[in-house]
Amino acid sequence: SALVEAFNVLQRPEIEAKASKASLALGQTVAEMLQAMMLGRGEAGALRAGQNLSVVNERPAPVSTQIAVVVARKLRITYRNPLAGLLTVLMPCLMGTVLGSVFQDI
């Protein structure tokens, strides 16, 4: 179609050039990101000379910690936006009522 041809002629070369240029750009390593994150939070003392940041603690957080973090996050979100918390309860009830009425007497 004419739209596809116009795209291939006008926009595609520019997009492909930008994509190839972006694919050549190197980003930060994990160690550099961790170091920047720690320095940004003022944890410069946590970085010692020669400390290997590429080795991350391999032990996961305890299940109780994970559950506490998820529950705290959910409570903060609900506190900030009570309607969102209400909708998580009301939507399944509404959908159950609609589907129940659709399949009633089957």
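1. First, a term for what follows: a nonpolar patch here joins nonpolar side chains (Val, Leu, Ile, Met, Phe, Trp, Tyr) within 5 Å, taken from residues with over 30% relative accessible area and no salt bridge. Bear in mind too that this is a predicted model.

2. On that footing, one surface patch stands out for comment. Its members are Leu 83, Leu 86, Leu 87, Leu 90, Met 91, Leu 94, Met 95, Val 98, Leu 99, Val 102, Phe 103 and Ile 106, and together they offer about 1200 Å² of accessible area.

3. Take Leu 87 from that list. Leu 87 sits in helix α4, which covers residues 82–102. Its relative accessibility is 39%, so it counts as partly exposed, the class between under 20% (buried) and over 50% (exposed). On spacing in general, an α-helix has 3.6 residues a turn, so residues three or four places apart point the same way.

4. Now α4 itself. Its 21 residues should span 30 Å at 1.5 Å a residue, and the end C-alpha atoms are indeed 30 Å apart. There is still a bend of about 30 degrees at Thr 88, with Pro 92 following within four residues.

5. Over at helix α1, residues 2–24, the 23 residues reach 33 Å from first C-alpha to last, close to the 33 Å expected. This helix bends as well, by about 50 degrees at Gln 11, and Pro 13 follows within four residues.

6. As for the whole chain, I count four helices and zero strands, running α-α-α-α from the N terminus. Of the 106 residues, 4% count as buried. The accessible surface comes to about 9500 Å², with 66% of that belonging to carbon and sulfur atoms.

Methods:
Residues numbered from 1 in each chain as written. Predicted model: local features only at pLDDT ≥ 70, side-chain atom pairs only at ≥ 80, totals over all residues. Heavy atoms only, no water. Helix = DSSP H or I, 4+ residues; strand = E, 2+ residues; numbered from the N terminus. Expected span 1.5 Å × (residues − 1). Bend = angle between axes of the 7 residues up to and from the residue. Patch = residues over 30% accessible without salt bridge, like charges linked within 9 Å, V, L, I, M, F, W, Y side chains within 5 Å. Areas by Shrake-Rupley, 256 points an atom, 1.4 Å probe, with all protein chains shown as cover. Salt bridge = Lys/Arg side-chain N within 4 Å of Asp/Glu carboxyl O. Buried < 20%, exposed > 50% of the residue type's maximum accessible area, 1.4 Å probe, protein only.
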